[in-house]
Structure formats: C-alpha cells, structure tokens
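Here is an informal walk through one protein chain, with an eye on charges, contacts and a few odd backbone angles. Have the viewer open as you read.

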Amino acid sequence: MSDLPPVDRRTVLATLAGAGIGSLAGCSMLDREPDGQTIEADPEYAESLANRFAPTLYFDAAEPWLPTDPRPYASDRDDDSIVDGFDALDGYHERYATAGEPPDPTVFYHVLEYEDSPLAVVQFWLYSTFDQFTTNFHWHDWEVLHVFVDTETDRPQLYVASSHSRKVPNNEFLDPDPEMVPRILSELGSHSSALSVNDEPDRFQRLPGTDLLADITNSAIESIESLSELPFAYGLPRDEGARLPYVVPEYEGVPVYEHERLPNVDRESLVDEALTVRSFESLASPPTDLPERSTGLVFRHEERVGDVSTDAPEDSAPNGSSPAEHAYELVPTGEIEHLSDFTGPQLSFEFTVPEFAEDAIASHISTTGAPWGQPRYTNPAADITDPNHRATLAERYEAIGDAAAINTVVASITEAVTSDDAPEYEGLTTVEPSVEAVALLESDPVAVPTFAGVAAVRDVPDGEHRLTVNAPGQAPYSERLSVGGDADTSEAASTTPASTSTASKTTTTESSASTDAAADADRAAQAITIAGSDGQIPLVARENARKLEVDADGTDADLTDLAVDDDFAGRLYDGSLSGSAAVYVHEGGAYTAEVRDSDGAIGAFRVNPDPAADGDDSDGDDSDGDSSDGDASTDEAADDSDDAADDSDADVTTFGPPLRIDRPDTGKASLSSFLASIAGETSEEVAALLDDDSAGERLDGGENAIRGLVRALDAVVAAAERAAENARSGDRANADQRLQAVETRLERVTDRIAEASETLPEPLSNAARNRVAEATRRAEQARKSEKL
C-alpha cells in the first residue's frame, strides 16, 4: 500500500498499550486549557494577510466539485437566507455545463487576532456543492486551512489543514518557510485537505525523502520503533498508494442523480465510475484495479496566476500535458455570513454489523453547516489536533492553552488469507490490507477512514462502545469495548494464542518526560483503547467469509468473552460478549473458538469450515453436527434469514452457510470434548494418507510411523471422550484422571509426529504440531477447571 518499512502491526499495537504516547494525547475541546478570546482583524490588515498566504489548490483529475461561491444558489426561507442542497448541486452543474469551466472559483477568508497576543490566524474556507467519499457523502462541503502568524515577527507559525472530522487527525506543519506559498492537495470527492510544502508541489509525502521534506510535522507514535516514522495524520491515502473505492450516494433508495430536482445531474456528474462501486457488499473481494491519483486542475489566487516561481507542478496531467490552471477570487467571509444555513435531506451510509442469525445495520450520517456556527471559526486553535503543535504554540503564546489528554481507539486493519504453510483450506496468515477501510463507533456515528491501514478514532467519550469496521469486498467486523472512565487498565494482552486470559483492552500510560518544550507540557494520563485482538482486526474477503455464530441461549452460563484462534495465524478475534454473538471467519481456516463466563470458566469448540459447502449443505460436514461434542455445526436454517435478505438484492455478494455453536458450555466437559474433536480431526487427516494412492512414494517405508501416529491420536480421543462423560456425570476424580492420561498421550503424539516427519507432508506435519500444542494447553485448562 505504501513505501513505509514493513511493520508487524500485531506486535506494534500491543506495544502501543505500554508505550509512552504523549504524541497521541490529542486536544479535547472539553478538557484542555482554555484559549484566549479572539477579535476580528482590521479589514485592511486582514486583506493583506489573505493575499500573502492565499494558497495554491491542487485537485484530482476526476474531481467533480471545485471551490465555488454558494451565493448564486441561495434562497429565502422564513426570513432567512439559506442554500438548499438540491439547488446548489443542480445549479452548479448547470452553470458548469453552460460556461464550460468551473463556475465562480472562490476562496473565502477570515482573519482573527487573539486578544493581548501577537498571534493572528488567517482562515481560508473552501465551499463545494457536494461531498462524495467512500462512506462520507452530503450536500455542501466546507474545508479550511488555518495559517497561524506571529504579527511581531511576521512569520507563519503553523499550518492546519482540515481532514474529515474532529475524530480524524488533521494535516499540520509547524514553522513553515515564510517565503513559501501554502499549497493544498484536495482529496477527490471528500475535499479533505493535505498539505504540500516540499519541492514536489502536487504530491503528498508523509515521510521525508533524501532531498525532500515531509509535508506534515504531526508527531509519530512515540516509543514504538516500527511505527516511529508514521506521523499521526490522515494524509492523502490515494497519493500514498492506497486503494480507496467510492460509493454512489443514494437518496430514498435510488442514486441521487435520479432525483427529479436534479435535472442537470447525471451519473457522469459524480466521481468517475472507474473509481466507484455501488456498495461495499456488491464486491466479492477487495478491488484491485482502481486508477491512481493524478492532478488535473490547479487554482491560484487571481493575483498570482502565471507565477510559477514557488509552486509550479512538476507532474503532468493524465494526457501528458500540464494541469489546467484557474484563477480564484478572494472574498471575506463577512460577505456571506448572512447565509444562515446550508440545508438538504440526510444522506447516510449503512454499515453492516455482524450479529447472531441476521446482520444489523448502523447508519453513518454526514452533516455540514455554516462555518460561522462552528467553534473553530472564532477559535482556530480548536482545530489543532497534534498535541505537540498545540504545546509549542502554548509555550510561545499565552493565548493558547495546553493540550488535554483524550481517549483514543487504535487498531491495525489486516486481511486474513490462506497460508502456504498449512494444509489446503486449514490455516491462515494475515497480510497488509489491499484497500483502506472505514470504522464507525455507533455511540458517535461519524465514520473514520483508515490511513496506512491504521484505524484511529480520537476524542472518544468514556463508556461502552461498539466498533464496526467495513471495507469494500470484505465481510464486516464488529466488537464491543470499554473506553476510559472506570474501564479496567492493564498491560497489553499477549499476542500468542497460548494466552489463557483475556486482558482488558484499555491501558493507561503516562507521557514520558522530555526536554523538548512540547513534551514538557503537563498532560494527564492517556487512555489508549486497543481494539481487535492485540490491536489487529483481520478482515475476510466476502467470497471466503463464513459467519461463526455463538448461541448464548444454548447454555446456562453467563458468557462474557469470545475468542477465535486459527491453527496458524493465532488469535484473530478477542471481544466481549453480551448475549449471542457472531464473527466472520475465513472458510480456509481451522479454528478454536473459546468462550469465557462470568465465573472465569472456559469452554472451547473446534470449528473447521468446509469451503465446498453451499446453501444446500445439511449434512454437517464441518463436524458431526453436535456442538456439545466440541464442534461447531453448519446450520442451514440460520442461513435462510441471511440469504433471504441477501438474495433480495442481486448486487450483494452472499456468504457461505453459517457455522453455529449451539451449546457454548464452559468447564471441564466442554474442554474435554474439544480435545476429542481436535485429536479426532487430526487422526482422520493423517489416516487418509494410508488410503491415498498418490502418496505411494512418500509412504514407502513410512507406513508404520503413520499408523503409530494415528493410534496415538486415537488414544487421545478415547481418553478425552471418557473425561467428558465423567465430567457430565459429575465424576470429577475420574475426569481428572482421564485428563492426566490425555496429557501423557499428547506427549506420545509429539514423539510420533517427529518419527513420521519425513513421511508426513510438511503442511500436515505443521498442522499436527500446532494442534497438539493447542490441545496440550486446553488439556491443562480442563484439568484445572473448577467447573465440571
């Protein structure tokens, strides 16, 4: 996805929980020190600052909505002057078609000075009539660039370019060159603003190169070596090698361009079809053929048109020519503050949330409003998201308050794929994502796009939340988590599947001391909530996804946690339970599902999907169909509700039949049944070699070793089944005796695997070793379990 050095994200994000993360403290508006009051700058001075710092704007070649003046689309309503979304979108495209060029290119400016301070800020506000992104689409769009200027030295102090929302870190640059004209790289469709300060004007660079500055000075994730070069800022994902498909916005169930109030808007008016999908669910797998970003249009202040001395683009347009250049007019925002509102019916994006039996829907709603109704309009410092930048300005100017600690949810998005080290369809590994994803906290329905595969949600309130992650062509992911407040704090959970406890995902750390002025700022402890399994959220391509359902009604135990381990990839899911639950797994994996109850008792179940199964499969190929024996069953009836919903829309890629754990009991009997299942499964696969005519040469002279391994595994099965029977009948002593026999026989299995290693295919040998290690751990858990 990018040129960043390879990152082991599971290790990285587990380390984050215990690291000094002052760089992630954030700037909560509710808890930070108050900033000083601002006053409007003298009009002449304001105009001079605006002319000096008027930015050059670079737009994607596929951008439909360029910066314009909203006043031609205004109308009166109830004695107020408003801009209606339908009027603005339709009118813009009508004027564009008539003129043959972008209508009324305009940038609005607003200049403030902090009282009793030499700090001034010039804001550049850009209005677009529509916003179309991967999930974020709405009528109207306002983006802003803040330029903080010292009025005594006449030097710029900080650039802050707005990203998607307050949940996403802005792109910022501290102490820019005073001779440089600010440059903005606008994200296609969403208009999120990236900065460009180096010698490649129309490209975004997150990290410094040999002869180039980085385009941002946002802090990296401190104290983590493998992420120490990843500045915590949104950036410009499509310019960093990421694939990011756009979604067609709909209103009342149909594409917005079909609405009768938009006669001048058609499909070609939106983001190009080559970059667009009808829905995430319409794709069987992540898209791989999306066009890369290229600059198509450049806008300069009208007094600077033709002056290419400081910001001439080096790259060419798609046809090899220079990007088209347009002049924009600078207008003070005071001339449009009479516009009281920017209206339009709600547009929303539906997030799919995995739930038991039938998936749910959560809506992400995008809204916008007039800039002069936002806190940052009168206090630009409210838009500083990097705490070190705020701390630096706070040291220079009494008008700026220090940053406050906030809650941040962090996770790494990966993709689960089959492993070459495993038998076919029986083991996974995780890889870097091929597309960016979007995350949604349902308690605050603002979608957050990932950057460089990292999902980071800032300024999360204390309490219980449900995090949902969707990505194009991939099955949805969801988990419940506690953030801040009274949530337990602990070290990060172990990254190995051998961990026998579920550590809290909320970890409090202190920012480390530093002689640097920014790090010297007095900050409270920062709560970092690590989502996923030790910070990793592995997504599964829809074409390979099967839903694993845990039916809490099938047990008397009060279930609190669910974890899913793959034989090769380790722990892939680790979340809290509240009643029945569901998680999507890759059909090419082989899993151990673990449940835990409120008394701390553990249950385990074997889940080995059959990739060949379809909606007509009813013979329970995944197991014997009895989940009380430690297996998950294929449930055709449960599949009906999902497929009935999915089949109603031909554009939706359906999943294979779900896997259901009907009786997710905890205790000695459950764990013993699991031991019988995993040993029996392995025995069958090894024994199959003896009946495989194609394995003749491999087996030559090794049949006895194979038979010895099968007998050893069958002995484990027999002892484990008896232990389960004893536990169910209440006979603890004999159950424990049988479990001790299981542990002894597992040691023999290990020896037999070694003896058969030259005969066993390497993937099966790997699987057998991994399963024996898992069984050995579960046998110890079973023997020590107080609950029968």
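Which residues form a negative surface patch? The patch is made up of Asp 42, Glu 44, Glu 47, Glu 302, Glu 303 and Glu 329. Keep in mind that this is a predicted model. To pick one member out, Glu 329 sits in strand E17, which covers residues 324–332. With a relative accessibility of 40%, Glu 329 falls in the partly exposed class.

**The chain as a whole**

Zooming out, there are eleven helices and 38 strands in the chain. It has 788 residues, and 61% of them count as buried. The accessible surface of the chain is about 29,600 Å², with carbon and sulfur atoms owning 42% of that. If you look at contacts with a separation of 6 or more, 72% of them are between residues 24 or more positions apart.

**Salt bridges**

How many salt bridges does the structure hold? The count is 39. Three of them are set out here, with the N to O distance for each pair.

| Acidic partner | Basic partner | N to O distance |
|---|---|---|
| Asp 175 | Arg 396 | 2.9 Å |
| Glu 685 | Arg 771 | 3.3 Å |
| Glu 743 | Arg 783 | 2.6 Å |

Take the pair Asp 175 and Arg 396, whose side chains meet in a salt bridge. Asp 175 is in the loop between strand E9 (171–174) and strand E10 (183–186), while Arg 396 is in helix H5 (residues 387–396), so this bridge ties together parts that are 221 residues apart in sequence. Both ends count as partly exposed: Asp 175 has a relative accessible area of 38%, and Arg 396 comes in at 36% relative accessibility.

Next up is the salt bridge between Glu 685 and Arg 771. Glu 685 belongs to helix H7 (residues 668–687) and Arg 771 to helix H11 (residues 762–784), so the pair ties together parts that are 86 residues apart in sequence. Is Arg 771 buried or exposed? Arg 771 is buried, at 2% relative accessibility.

Helix H11 turns up again with Arg 783, which forms a salt bridge with Glu 743. Glu 743 lies in helix H10 (residues 732–755), so here the parts tied together are 40 residues apart in sequence. Arg 783 has a relative accessible area of 27%, which makes it partly exposed. There is also a network to trace: salt bridges with shared partners join Asp 565, Arg 571, Asp 574, Glu 594, Arg 596, Glu 774, Arg 777 and Arg 778.

**A buried acid without a salt bridge**

Asp 90 is worth a click. This residue is in helix H3 (residues 85–99). Asp 90 is buried yet has no salt bridge. What is the nearest side chain of opposite charge, and how far away is it? That would be Arg 261, 8.4 Å away, which is outside the 4 Å cut-off for a salt bridge. Even so, Asp 90 is in contact with Arg 261, as well as with Leu 262, Pro 263, Asn 264 and Val 265, leaving aside neighbours within four places in sequence.

**Around Pro 156**

Now over to strand E8 (residues 155–161), where you'll find Pro 156. Pro 156 has a relative accessibility of 3%, so this proline counts as buried. Which residues does Pro 156 touch, not counting those up to four places away in sequence? Its contacts are Arg 52, Phe 53, Val 147, Phe 148, Val 149, Asp 175, Pro 176, Asp 177 and Pro 178. Yes, Asp 175 from the table is in that group. As for Leu 119, it is 37 residues from Pro 156 in sequence and 9.6 Å away in space, C-alpha to C-alpha.

**Two positive phi angles**

Most residues other than glycine have a negative phi. Asp 175 has a positive phi of about 55° even though it isn't a glycine, and it is found in the loop between E9 and E10. Asp 79 also has a positive phi, near 70°. Asp 79 is in the loop between strand E3 (74–77) and strand E4 (80–84). At 84% relative accessibility, Asp 79 counts as exposed, whereas Asp 175 is partly exposed.

Notes:
Residues are numbered from 1 along each chain as its sequence is written. This is a predicted model: local features need pLDDT of at least 70, side-chain atom pairs count only at pLDDT 80 or more; totals for chains, interfaces and linings use all residues. Side-chain values use heavy atoms; hydrogens and water are left out. Patches are made of residues with over 30% relative accessible area and no salt bridge: like charges are joined within 9 Å, nonpolar side chains (Val, Leu, Ile, Met, Phe, Trp, Tyr) within 5 Å. Accessible areas come from the Shrake-Rupley method with a 1.4 Å probe; for residues, only the protein chains shown count as cover. Lys and Arg count as positive and Asp and Glu as negative; His and the chain ends are not counted. The place of a charge is taken as NZ of Lys, CZ of Arg, CG of Asp or CD of Glu. Helices (H or I, at least four residues) and strands (E, at least two) are DSSP runs, numbered from the N terminus. Buried means under 20% relative accessible area, exposed over 50%, partly exposed in between (1.4 Å probe, protein chains only). Contact means heavy atoms within 4.5 Å.
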